[in-house]
Amino acid sequence: MSSGTKHIHIIGICGVATSAIAIAFAKKGWKVTGSDKGFYPPVSTHLTEAGISFYAGWHPEKIAEGGKPDLIMIGGVGTSPSNPEVIWAKENNTPIFPYAEIIRDYFIKKNSIVTAGTWGKTTTSSLLSFILLKAGKDPSYFTGGLSLSHSTGALSDSDWSVVEGDEYQTSISDKKPKFAYYSPTHLLLTSVSWDHADLYPTEKAYFDTFEKLVAAVPKDGVIVACTDEPGVRQVLDATDRAAISFGKDWTTDYCYHDVSHTQKGLEFIITHREVPFTIFSPMLGRFNAENITACFAMAHEIGIDPEVIIPAIAEFKGIKRRFEKRFEGDVTVLDCHAPTAEKAASVLESIREVYKNKIIAIYEPNIGGRQRASASAYDNAFKNADLVLIPHLTKLKVVEGESNLPMEGAELTETIKKTQPRVECIEDDTQLVTHATTEAKKGDVVVFLGSHGFRGMIEEVVKKLK
């Protein structure tokens, strides 16, 4: 079938992941339209630049303007069956799919590289796709973050694909993890540590999901895994699968060491079979040495020469919201995707390593990070911050009569306060911005930790600091 004649409409198009899929289809010649409850930069900017038509709100009467879509994609788990556009699709017999199934049907190739793990999967999928592009493999690829160096997603006719494998549920009606649809022939496993307590109420349930993923890799496939991580070792042991190992341990197949972390980035060595390779990356975050080593290992295992891999790593600038410098003056403003206690702790540790003055952290957790079952994870999570500010938290849908309600701002503040005395909950965005910028002095860092866009507060902080 000719892709140029096809039309896809995306409900919930303004998510980072869904917009990447939209842009990939548009570049392949499809007509792409979409809707969402709101539109905000940088996603809205990328959609406009790609020539994609979109509108705010749910308006079934607009879907078929200029022609009925061939299929409809629903983005994320937030699109309810009661959404008027979902109802329209069913009434008009228009095929409707969650995005994981769209990835399966249009992105996944014969050689399917899937990056998965509790953390690291977005950075590794983005960097790996960049390396494969530089190597001339022309992969189809998809990642859940906006790259600062190349398009976030692409459809191609090659035999290679690189996708981020998310363990979160596919849709409201489909509780299977998204990565269950991606049929990996090559699996990059970065980490396994209980997360998303709202979906996986026990640690065993979470680990079972990753064990199924590992078991799904063909016996002649390739598994590259960070065996420094006890959760990864547990999953490999449970599935009795061998893996190409990477980590800091000298017994691993790809060992990274002698890491230098400065405000300019990372420099370190990867040793493979006693051969050392010197690596430089402009990305911040000591933990990115692990992500980079993961990508080096996978790229090398599929036959890409280090002379191609190393310059690609040096050229790759990272992705938005992963140690992204939004402003650098007397005060530095960083935007980091860190919506759980564990991720926040890791980010703050890396910031403390290269910035010696005050660190002011504005933190909004994801759904899992607001579950009371996650409360103990906050013990000492913010020890490297001098001040923690909790904004007005995004309102969550809860089932009527449900007893396990998520933590709100005041309760989260008290939870963090057990081990970090300087925590304040400021419900008004304007007041929070004023407080953060007043507290920040020369040499200090203001860091936003979360998965949402903070309702323009980052931009307001930058504006005030300028």
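**Two loop residues in a predicted model**

Hi everyone, let's start with Thr152, which sits in the loop that runs between β7 (140-142) and β8 (153-154). Before I go on, please keep in mind that this is a predicted model.

So, is Thr152 buried or exposed? Thr152 comes out as buried: its relative accessible area is 10%, and the cut-off for buried is under 20%. What does the side chain of Thr152 reach? One partner is the backbone oxygen of Gly145, at 3.4 Å. Another is the backbone nitrogen of Ser147, at 3.3 Å. If we set aside neighbours within four places in sequence, the residues in contact with Thr152 are Ala20, Tyr141, Phe142, Thr143, Gly145, Leu146 and Ser147. Notice that Gly145 and Ser147 are on that contact list, and they also supply the backbone atoms I just mentioned.

Now to my other residue, Trp119. You'll find Trp119 in the loop between β6 (111-116) and α6 (121-134). Trp119 has 22% relative accessibility, so we call it partly exposed rather than buried, given that buried means under 20%.

Which residues does Trp119 touch, once those up to four places away in sequence are not counted? They are Thr190, Ser191, Ser193, Glu229, Glu290, Glu342 and Lys343. Do look at Asn291 as well: Trp119 and Asn291 are 172 residues apart along the chain, yet their C-alpha atoms are separated by 9.5 Å.

Let's step back to the whole chain. Its secondary structure adds up to 14 helices and 21 strands. The C-alpha trace spans about 60 × 55 × 45 Å along its principal axes. For 466 residues, a compact globule would be expected to have a radius of gyration near 23 Å, and the 22 Å of this chain agrees with that.

How much of the chain is buried? Buried residues account for 56% of the 466. On contacts, take those with a separation of 6 or more: 66% of them come from residues 24 or more positions apart.

Turning to the outside, the chain exposes about 19,500 Å², with carbon and sulfur atoms supplying 51% of that. And for those of you who like charges, there are 50 positive and 59 negative ones, and their mean positions are 3 Å apart.

To recap my two residues: Thr152 is buried, while Trp119 is partly exposed. Thanks for listening, and I'm happy to take questions!

Notes. Residues numbered from 1 in each chain as written. Predicted model: local features only at pLDDT ≥ 70, side-chain atom pairs only at ≥ 80, totals over all residues. Heavy atoms only, no water. Helix = DSSP H or I, 4+ residues; strand = E, 2+ residues; numbered from the N terminus. Rg over C-alpha atoms; globule rule 2.2 N^0.38 Å. Buried < 20%, exposed > 50% of the residue type's maximum accessible area, 1.4 Å probe, protein only. Contact = heavy atoms within 4.5 Å. Areas by Shrake-Rupley, 256 points an atom, 1.4 Å probe, with all protein chains shown as cover. Lys, Arg positive; Asp, Glu negative; His and termini not counted. Charge placed at Lys NZ, Arg CZ, Asp CG, Glu CD. Polar contact = N/O pair within 3.5 Å; in protein donor to acceptor, adjacent residues only side chain to side chain.
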